[in-house]
Amino acid sequence: MNDTLRPMTALLEIRDLWAAPVRQRGHALLRGVALAVAPGEVHGIVVESGAGKSLLGRAVLGVLPSGIRIAKGAITLDGEDLLAASPRRRRALLGRFLAMVPQDPMTALNPVRRIAAQMTDHLRLHLRLDRRQALAVAEALLAAVHIREARRVLAQYPFELSGGMRQRVLIAMAFACRPRLVVADEPTTALDVTVQRQILRLIRELQREAGTAILFITHDLGVVAKICDRVTVLHAGRVLEEAATPALFAAPRHPYTAALMRATPRYDRPGEALEPVPAALAEQLRAEAEALDHVLA
Amino acid sequence: MGDERTLIAAASGAARLWVGAAILGALVAASLVAPLIAPHDPLDQNLLNTLLPPFWRGGADPAFPLGTDSLGRDVLSRLIYGSRVALIVALVAASLAALLGTLLGLVAGFFGGALDNAISRLVEIWMSFPPVLLSIVLVAVIGAGLDAVILAIVIVDWTRFCRVVRAEVLVQKAQDYVASARIIGLSRASTLTGEIIPNILPLLIVLLSLEMGIAVIVETILSFVGLSVASDTPTWGGLIAEGRLYINQAWWLMALPMSCVVIVVLGFNALGDGLRTLLDPIMRQ
Amino acid sequence: MSLLEAQGLGLALPDRAAKRLFQPAPQREILKDVDLAVALGEAVGLVGESGSGKTSLGRCLVRLYQPTSGRLLFSGRDITHLGESELRPLRARLQVIFQDPHSSLNPRRRIADIVAQPLIAFGLADPATARRQAVALLDRVGLDPRLGGRFPHQLSGGQRQRACIARAIAVEPALVIADEIVSGLDVSTQAQILTLLRALRRDLGLALVFISHDLSVVRALCDRVVVLRGGVVVEAGSVESLFAAPRHPYTRALLAAIPLPEPDATWLDRKDGLEPDWETERGGGRSHADRRDGRAGHWC
């Protein structure tokens, strides 16, 4: 199954994870998900938009929506069982060891507070700095994400910044404490394509420098191809395929992965017809997935 | 955990509708058949039986279930007849205020431009007058009576509807489905009636129910200070005013009409909430 | 003769954010001297990033915004300053599909009603016939006709977008302006919608102005491309020539920035093309906050 030599100790390990809505019996949203992320690895999760898209990331961060629970399985970070952790321990982990870069920078930032206030709050909470120190660190962080005139930006409100700038601020906050793992949920989907490239470059620069692993959730195969080391393909809450990036694109093993690639338009291959994922395949996969749900009932 | 919360939410949504409907129903029923269900004539004085306590206290007379006031008049009958005034004011004043305010708000929001400016300035100036003072001046000029009370409420409260409706129309106007309406050939009138109004209706229902509660309270205040209907017609505010003088000997003379006001206002709010949930396809989920 | 033509189109709106006390708000040019032509049955892609003015241009083309300069011609007729009543009959031939399928469908109308509306509004059918036709249209765009009885919030994004397409083609227009209609959709839904559009173009001879930020999608669907930046056309041409040999540096930068689904660990390290200034790049995001600040007529 694996093409490359995997390190013996994974940073993040997910084993047989099942998530289900609290009220509906016998219906699952995550079905036996298993994956491993090595330290410093950028691991892509390819998943289509829909109900279950952010679930895996949220499960790792411990912020599942209120109607959904973990029914089975384990998530370990550096050997520590995240699901068994107390709420206090979780709060201690978030920000320091685990961080998130969200999809929509506008709703992730408080629109009525200045950037400085939001960043210093975050830093003081996790790094135990006083106000002056936090402000200095915030300035340094903004410089690290290549924002010139950091002082001016710190004094501004989120609506005064462009989308790319806001995303930089969020990335700065995510990497502030040099976390071990960052969950990036479609971090560039809302951005222009030229800005996307810069942001991707920035993410990679920061993660290489800090040795941070990234769980990169996206539906864009192109982004996956350029930044991810390994890829897991999810469909209907199930892992269909997992491989190193070059291997996945060279020879996808699962028909769904291949179908996704055929459905992606490429400007450099105009002759190739754009084929939607065959309805029969999608139906079959969904039926297979739902057939597994009896495990929970 | 989330399970319990959603169940409670769903149940309370339906409960609100029924509680509100029940209270309003009781109010309407009481008003309509007041002469039939009131045990006594509310104006009947009985100087031998003054300040009798209500049924749960010692020394009560079963002929007067909620006791009597300082002139021996039956409290229960007076409360029942008082509901007529409350109901008329609630329904008529709130509806008229809503009508006037909504029309102007729709016009201002939809047509914009000079019309919007004119109406908005009017609202601003209007709202700068202290409302209670305005009501009192109006009543002093026209003379006390139900008409005056209704007019006072309408004149003060239409601005509330106007501002909120205008703001909501502006929000809806910015939506793509309104731009679509133009593209698919709908006239401006059709757009306003068929597209925008249905989408501000839920808001209107809530506002109207709130306004009914407010109208009852305003009438209570006005009749408390004696500026409402003629003094021989029992009103809850009037009863409160009378009861105030005997608060030490017969606290129920004040507490009972106050409770009526509170219950009715709560009922209107609950009904409004419930109706909105019932009628809105989105919230029905 | 072109079906729809814009000549030197310009749009300037008052910039309220920069208004000073007691002075009129300065004009901000959203579009400047834009030329665009769409022939019968042709699909033209309008490409740009946020702040390029592409959505504003799309709305100008259907006179949702009033251009402040230039001319707009529809089938040779000057429609730049036509009043709403004269425009109405023409609107049956010029339809629009908006980006956000949630806000472009009246949340309190059922889907079949929504699709039937244009037929009734233009007097093309009585309500009963219109409803029947609406159901047939839903089937045409690949929607289960039973969805006609549902409300928009009960449909997925892809389904809602199909409903919008059904509504747009109901009156059999000559030209449809599609404003970023696949942007929020995932890959397989996007592919389905594109395939649907191709089929509709073929069957109905529909001309299309396809507004998008995604050059790959434009390549898959369009015959010609117009690239917009800062309200100005920087390049225009057939898809073949533009993609084979892009002339303008901005076009080249756009193409270079697109990550193709081919593994390449060094792609991010390369710095080809224009690098927008980190700080002053105002149009860095496509969020709705950038796009619209609540006033109809504000720029995008």
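A residue counts as partly exposed when the number of other C-beta atoms within 10 Å of its own falls between the buried class, 20 or more, and the exposed class, 12 or fewer. With 15 C-beta neighbours inside 10 Å, A:Tyr157 therefore belongs to the partly exposed class. The model discussed here is predicted.

**Two residues of chain A**

A:Tyr157 sits in a loop of chain A. Helix H6 (150-154) comes before that loop, and helix H7 (163-175) follows. Setting aside neighbours within four places in sequence, A:Tyr157 is in contact with A:Pro111 and A:Arg114. A:Val22 is 135 residues from A:Tyr157 along the chain. The C-alpha atoms of A:Tyr157 and A:Val22 are separated by 38 Å.

A:Arg96 is also a loop residue, placed between helix H2 (87-93) and strand E6 (98-101) of chain A. What is the exposure class of A:Arg96, with 16 other C-beta atoms within 10 Å? A:Arg96 is partly exposed, because its count of 16 lies between the two cut-offs, 12 and 20. Beyond its neighbours within four places in sequence, A:Arg96 is in contact with A:His126, A:Cys177 and A:Pro179. A:Arg96 and A:Lys53 are 43 residues apart in sequence. Their C-alpha atoms are 24 Å apart in space.

**Chain A and chain B as wholes**

Chain A has 12 helices and 10 strands. Chain B has 10 helices and zero strands. From the N terminus on, the elements of chain B run α-α-α-α-α-α-α-α-α-α.

The table sets out the extents and the buried shares of the two chains.

| Chain | Residues | C-alpha box along the principal axes | Buried residues |
|---|---|---|---|
| Chain A | 297 residues | roughly 60 × 50 × 40 Å | 47% |
| Chain B | 285 residues | roughly 80 × 55 × 35 Å | 44% |

How does the radius of gyration of chain A agree with that of a compact globule? For 297 residues, a compact globule would have a radius of gyration near 19 Å. Chain A has 20 Å, so the value agrees with the rule.

Contacts can also be sorted by separation in sequence. In chain A, residues 24 or more positions apart account for 67% of the contacts with a separation of 6 or more. In chain B, 70% of the contacts between residues at least 6 apart join residues at least 24 apart.

**The sheet of chain C**

Chain C holds an open sheet of six strands. The strand order is E6-E7-E8-E3-E9-E10, and the pairing is mixed. Which strands stand at the edges? Strand E6 (94-97) and strand E10 (232-238) of chain C do. Each has a single partner strand, so one side of each is left without a neighbour in the sheet. From one strand to the next, the twist averages 15°.

At the E6 edge, the partner is strand E7 (residues 175-179) of chain C. E6(C) and E7(C) run parallel and are joined by four bridges. One bridge pairs C:Val96 with C:Ile177 in E7(C).

**The domains of chain C**

Chain C is divided into two parts. Domain 1 covers 4-93 + 175-291, and domain 2 covers 101-172. The C-alpha centres of the two domains lie 26 Å apart. The contact between them takes 11 residues from domain 1 of chain C and 11 residues from domain 2 of chain C. On the domain 1 side, H6(C) gives the most, with six residues. By class, that side has eight nonpolar, three polar and no charged residues.

**Chain C against chain A**

How many residues of chain C are in contact with chain A? There are 40, and they are in contact with 48 residues of chain A. On the chain C side, four helices give two or more residues: H6 (187-204), H7 (215-221), H9 (249-257) and H10 (288-291). Of these, H6(C) gives the most, with six residues. By class, the side of chain C that touches chain A has 20 nonpolar, 10 polar and 10 charged residues.

H6(C) thus appears at two contacts. H6(C) gives the most to the side of chain C that touches chain A, and H6(C) gives the most to the side of domain 1 that touches domain 2. The side facing chain A includes 10 charged residues, whereas the domain 1 side facing domain 2 has no charged residues.

How values were computed
Residues are numbered from 1 along each chain as its sequence is written. Chains are lettered from A and ligands numbered from 1 in the order in which they are written. This is a predicted model: local features need pLDDT of at least 70, side-chain atom pairs count only at pLDDT 80 or more; totals for chains, interfaces and linings use all residues. Two residues are in contact if their C-beta atoms, placed from the backbone, lie within 7 Å. Ala, Val, Leu, Ile, Met, Phe, Trp, Tyr, Cys and Pro count as nonpolar, Asp, Glu, Lys and Arg as charged, and the others, Gly among them, as polar. Two strands pair if DSSP finds at least two bridges between them. Axes are lines fitted to C-alpha atoms, for helices over the stretch in contact, and angles run from 0 to 180 degrees between N-to-C directions. Domain bounds come from an automatic or database domain assignment. The radius of gyration is taken over C-alpha atoms; the globule rule is 2.2 Å times the number of residues to the power 0.38.
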